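This report looks at how aromatic side chains and the nonpolar core are arranged, for a reader meeting the structure for the first time.

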Amino acid sequence: MLIKNNYKATIAASFLGYITQAIMLNFPPLLYIFFQNDFGLTLSQVSFLITANIIVELIVDIIVSKFAVRIGYRPLVIAATCFATLGLLSMFLLPSVMANKFVALILAMMLCGAGGGIMEVLISPIVEACPTKNKNGMMSLLHSFYCWGQAAVVLISTVFFQIFGLENWIYIAIAWTAVPLTCMVLFSRAPIYMLQEESEKGTSILTLFKNKIFWVLILMMICAGASELAMAQWASAFAEIVIGKSDLKWLSDLLGPCLFAICMGCTRVFYAKMAEKLNLVKGIFISSIVCIAAYLITVFSPYPVLSLIGCALCGVGAGMMWPCSFSMASEKMPHGGVLLFGLLALAGDFGCLAGPSLAGQVSALFNDNLKVGFAVSIIFPLTLAIICGVMYVNSKKNKSDKEI
């Protein structure tokens, strides 16, 4: 039975959807050390698990962007919760029945990637289509729930591992399935709003490709994803180096990705309250400058504690980039529909893959010095700042020309 005309139920389901996506991306990495030791995986095999997850997300982004309107949001988003649930369960079920543990884990990561990819493409347009007043603020608040989900996954799972041991990870994996299952129930009953009706013809991909603004937005999303993940992906490893004790990995997880996520979430909640007063271009520009400053502090500070503060400050800077870019796309290209959101998500995912990869590869060339990798990664927020600077100058010029 549907909950008629109650878009708040839709918003609540969407918030849980972003928490589900956070679980898909952040829970498996907490188990990589266990997979190495217990399943005998090499570091390169563990790295491939990460790649497999993101590659499946990229493929799903493309497919869902193309066929979402035809299939319908509801069946797809419910399928996403099923994939997410199966992905979590498969991480321990498949290795128990398959001889090749590596292949079993790849299949589990592919299920997680499919669930996360569908969520990423559909949740934002679903919320954008809801009859809310402050759409920019709501979009930022929605994305903050990914941050809260990331922080909760790291914090709760780390505490569980400290109390019950990493070898009992199966039980916390089962517990995390409660989130996508609850999300499934809500989405099966809540009203689903669409940016365009199925009978309407949305903007074609060729039309989007001919629009210069579209390519600017694509570049912005790549830079936003890379700026965020280049630091977030390596925050735990960097914190572990700063702390100097490998047996305190739980502390490095809390001071690294967990603190980063909390700072990013707080920024998005703050922007949600100030969205109606703050210009989108200015917001992204300010975020880029803060992000650049954070990277510089992390790289050049002679004090370890200050470097960790720089990591957290990067979460503050990166917080507004992704949701503000989505909101800008809605304003600049209002008829883009789910295809636009899907392609933007695809670009953001590519940035999420490129940023950490660049930082890691460059660091490896300098004896695993992550500070060098972070220094090169400054190119991403710097590019974003330049784009916003040019957009702001052009808007001022156009406004002046109109007044004349």
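In this predicted model, Phe35 has a relative accessibility of 0%, so Phe35 counts as buried, the limit for that class being under 20%. Trp169, at 2% relative accessibility, likewise counts as buried.

These two residues also belong to the largest nonpolar core, which has 116 residues and in which Ile23, Phe27, Phe35, Leu49, Leu122, Trp169 and Met220 touch the most other members. Helix H5, spanning residues 101–129, gives the most to this core, with 14 residues. Leaving aside residues up to four places away in sequence, Trp169 touches Phe27, Leu31, Phe34, Phe35, Met91, Phe92, Phe160 and Phe161.

Aromatic rings form a further theme, since the count of aromatic pairs comes to 15. Two of the pairs are set out below.

| Pair | Centre to centre | Angle between planes | Arrangement |
|---|---|---|---|
| Phe35 and Trp169 | 5.7 Å | 85 degrees | edge-to-face |
| Phe214 and Trp215 | 5.1 Å | 75 degrees | edge-to-face |

What does the pair of Phe35 and Trp169 tie together? Phe35 lies in helix H2 (residues 32–39) and Trp169 in helix H7 (residues 169–176), so their pair ties together parts that are 134 residues apart in sequence. Ring pairs also link Phe34, Phe35, Phe39, Phe92 and Trp169 into a cluster.

In the pair of Phe214 and Trp215, Phe214 is buried, with a relative accessible area of 1%, whereas Trp215 is partly exposed, with a relative accessible area of 43%.

Methods. Residues numbered from 1 in each chain as written. Predicted model: local features only at pLDDT ≥ 70, side-chain atom pairs only at ≥ 80, totals over all residues. Heavy atoms only, no water. Core = buried A, V, L, I, M, F, W, Y, C linked by side-chain atoms within 4.5 Å. Buried < 20%, exposed > 50% of the residue type's maximum accessible area, 1.4 Å probe, protein only. Helix = DSSP H or I, 4+ residues; strand = E, 2+ residues; numbered from the N terminus. Contact = heavy atoms within 4.5 Å. Phe/Tyr/Trp six-rings, centres within 6.5 Å; stacked < 30°, edge-to-face > 60°.
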